[in-house]
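Here is a short report on backbone geometry and model confidence. Have the coordinates open as you read.

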Amino acid sequence: MIQSHHALSGTTLTGPIKWGLAGIGLWAVAWILRLPNLSIADGVLDHLWYLVTVLVLCPFIAVLGARKPGSKVWGWFIILPLCLVLEISAIRQWGNEWVPVSFFMDTPTMTGFCIVMVMGLGNYFGTKHTSSVFTLACILILLIAPYSESVPEILPGKNSSRIWATFLLIALVFRMKQKAASEKNGIANQFPMQSIWFEFLDSFGIVWGKRLMDQMNQTGKEQQWTIHLELDGFINNENHKLISTLEKAEQEKVIKAFHRHLKRFVEPEWLEQRL
């Protein structure tokens, strides 16, 4: 997550990364508090682990608001209220007791959590992170399923689920790190227009990617470009193939369009470094 924060500097995604760091940090704290000599009540651990799952979802919802100027207040007006809504069931069960009883999720809370999960993680289906967010969805299901009143018997219990989820998360992090290293050379050799598009799409997801694609194509239509943008990259209008070069005059038009349409997502230096 720290490496991601550095890689995404100059973009509005540094905010979502901070939510991710909070989630991972609380995940580590939850394991530390599980040590036998600390004698932490099971009810406290249940509530803590549920809060972990809520915080892990927060970065993905934060991405949906990662556009200036709204990105500066999205966390206060959307993310925090969302966390409160998802935590209402847990807070209500805590009651006035110092030590809460074991936590369980009622059907409305479980349904709400799943809807938020689909909204957040679904934004990255169709990008290079599709398999990763699918794995993360499985991890979150492992963590929350034991809280359900009607959990399937084939699923492991709370402690086993947390162990499996943690191992899967570690494996996911290593896999993403290896994948990023193997793709580094390919990105460096890619036509700059294409690499900028794919980096934006894979970082901000399908929702903002589709918005940018529509804006770029509208600009291209007005300026009569010989190319257009699809999810697969910039396509030649005549032969419908991915472009690997572009005339200087038209390339300057595309660069200006990128600057205009991306100014609410990235700093100018972010674009200049990739051109």
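Buried means under 20% relative accessible area, exposed means over 50%, and partly exposed lies in between (1.4 Å probe, protein chains only). This is a predicted model: local features need pLDDT of at least 70, side-chain atom pairs count only at pLDDT 80 or more, and totals for chains, interfaces and linings use all residues. Residues are numbered from 1 along each chain as its sequence is written, and side-chain values use heavy atoms, with hydrogens and water left out.

Start with confidence. The predictor's confidence in each residue is pLDDT, from 0 to 100. The protein averages 91. A score of at least 70 is reached by 95% of the residues. Helices (H or I, at least four residues) and strands (E, at least two) are DSSP runs, numbered from the N terminus. Among these elements, β1 has the highest mean pLDDT, 97. Helix α1 (residues 2-7) has the lowest, 59. Where pLDDT is low, the predicted coordinates should not be read in detail.

Now the backbone. Most residues other than glycine have a negative phi, and most peptide bonds are trans. Lys68 and Pro69 are joined by a cis peptide bond, with omega about -5°. Pro69 sits in the loop between α3 (42-63) and α4 (71-94).

Two non-glycine residues with positive phi follow.

| Residue | Phi | Loop | Relative accessible area |
|---|---|---|---|
| Gln224 | near 60° | between α8 (192-223) and β1 (227-230) | 70%, exposed |
| His240 | near 55° | between β2 (233-236) and α9 (248-262) | 58%, exposed |
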